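Me: I should be grateful for a close look at one part of this structure, namely a pair of packed helices. Please set that part in the context of the chain as a whole.

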Amino acid sequence: MLETGGDTLTEAKAGLGKGVPGQAVLDSLPHPVVVVGGDDKIVGANSAAEDFFHASLSMLKRREVSWFVPFGSPLLGLIAQVRERGGAVNEYKVDIGTPRIGQEKLVDIHASPLSDAPGGVVLLFQERTMAEKLDKQLTSRGAARTVTGLAAMLAHEIKNPLSGIRGAAQLLEQSASEDDRTLTRLIMEETDRIVKLVDRMEVFSDERPIDREPVNIHVVLDHVKRVAENGFASKVRVVEDYDPSLPPVYANRDQLVQIFINLIKNASEALSGVNEPEIVVSTAFRPGVRLSVPGVQERVSLPLEFCVRDNGYGVPEDLRPHLFDPFITTKTNGSGLGLALVAKIVGDHGGVVECESGNRGTTFRILMPAFTGPDVHSGIED
């Protein structure tokens, strides 16, 4: 139940249905919801709002809503408009970021009057960044499906003729002069290169169910870090910024290794020519993010955040919207499949991957589900 200026909103008054506490319904919502009283003070909020405003419910109730938003924010005018009209009002792409709650807070606001509470207004915030993340994720999954069909076609239509071409080049090499042998070797090398490219694409056509288990992400990252420091990232400083209390991720360990090898390799290659090149690998717990996953009725929570951040020159702005599409690359000899594979694996796990890039570096952020079994420590390597 929510108390508003001394009045108690019962379940029936709040329209929440019989036998279901109003606060429980609010807390089940993935988006921040705040109830503002007639004196502009916050009188109620759900758990997502506490996370959004970085304040407990008791802290929120001690303040007017204006304390949490910028001076002259459109939100205040929106509340006044709802009271004047007595009906719901929506406002899109409103920046309510402040040093108190975070500088980047671009939201859609849905405001409606609260029945049986004079002047009361209910505010629902939907972060634009999350909406865009989900939209990008769906786009990446669509691109992966495109590659799936292309890979299946290439495997049949290209690999078989290539084996014949390579075999013919081997026969020619036996009777060719030394100069001609250079050409036959070139034919075989290029044929092998094409076969490897097709083999990489065939990974996209693997639609078998993922074999998952609770995995300690820090064990995975330590392994990837050792591989990187002894190979492609030997000249780069790799920094760890881990949350040691993080629960296990529900995932396939080998595929997690593939994800972070691709991301760290991509970051290390982006640091070519950078003074004091550095990659920061971080983990954190971010509650409140839920996503609908195909084949699963309930919305999946994505509280685990894994980031790979470099201090390079950033991704060209025109490439950023297409970064996870296949065959998109800035490398001279790159295939453009590494990040597309990352998007596919993360999507198959029901997660979200995004990229933020600027002049001061690039951050790849992954949101994944946590293991919620009866014993989160079972099967976890220490």
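**A packed helix pair in its chain**

Reply: The accessible surface of the chain in this predicted model comes to about 20500 Å², and carbon and sulfur atoms account for 51% of that surface. Of the 382 residues in the chain, 42% are buried. The chain holds 10 helices and 16 strands. Where contacts link residues at least 6 apart in sequence, 63% of them join residues at least 24 apart.

The pair in question consists of helix H8, residues 217-229, and helix H9, residues 253-270. Two packed helices are described by the angle between their axes and by the distance between those axes. For H8 and H9, the angle is about 45° and the axes lie 9 Å apart. That angle makes H8 oblique to H9, and the crossing of the two helices is right-handed.

From H8, the contact involves Ile217, Val219, Val220, Leu221, His223, Val224, Val227 and Ala228. From H9, these residues are met by Arg253, Leu256, Val257, Phe260, Ile261 and Ile264. By class, the residues of this contact comprise 12 nonpolar, 1 polar and 1 charged.

A further helix, H10, spans residues 338-348 and has 9 of its 11 residues buried, so H10 is largely enclosed by the rest of the structure. Its buried residues include Leu339, Leu341, Val342, Ile345 and Val346, and Lys344 is also among them. After H10 comes Gly350, with a positive phi near 80°.

How values were computed. Residues numbered from 1 in each chain as written. Predicted model: local features only at pLDDT ≥ 70, side-chain atom pairs only at ≥ 80, totals over all residues. Heavy atoms only, no water. Axes fitted to C-alpha atoms, helices over the stretch in contact; angles between N-to-C directions. Helix = DSSP H or I, 4+ residues; strand = E, 2+ residues; numbered from the N terminus. Parallel < 35°, antiparallel > 145°, perpendicular 65-115°, else oblique. Left-handed = near helix turned anticlockwise from the far one by under 90°. Contact = heavy atoms within 4.5 Å. Nonpolar A, V, L, I, M, F, W, Y, C, P; charged D, E, K, R; others polar. Buried < 20%, exposed > 50% of the residue type's maximum accessible area, 1.4 Å probe, protein only. Areas by Shrake-Rupley, 256 points an atom, 1.4 Å probe, with all protein chains shown as cover.
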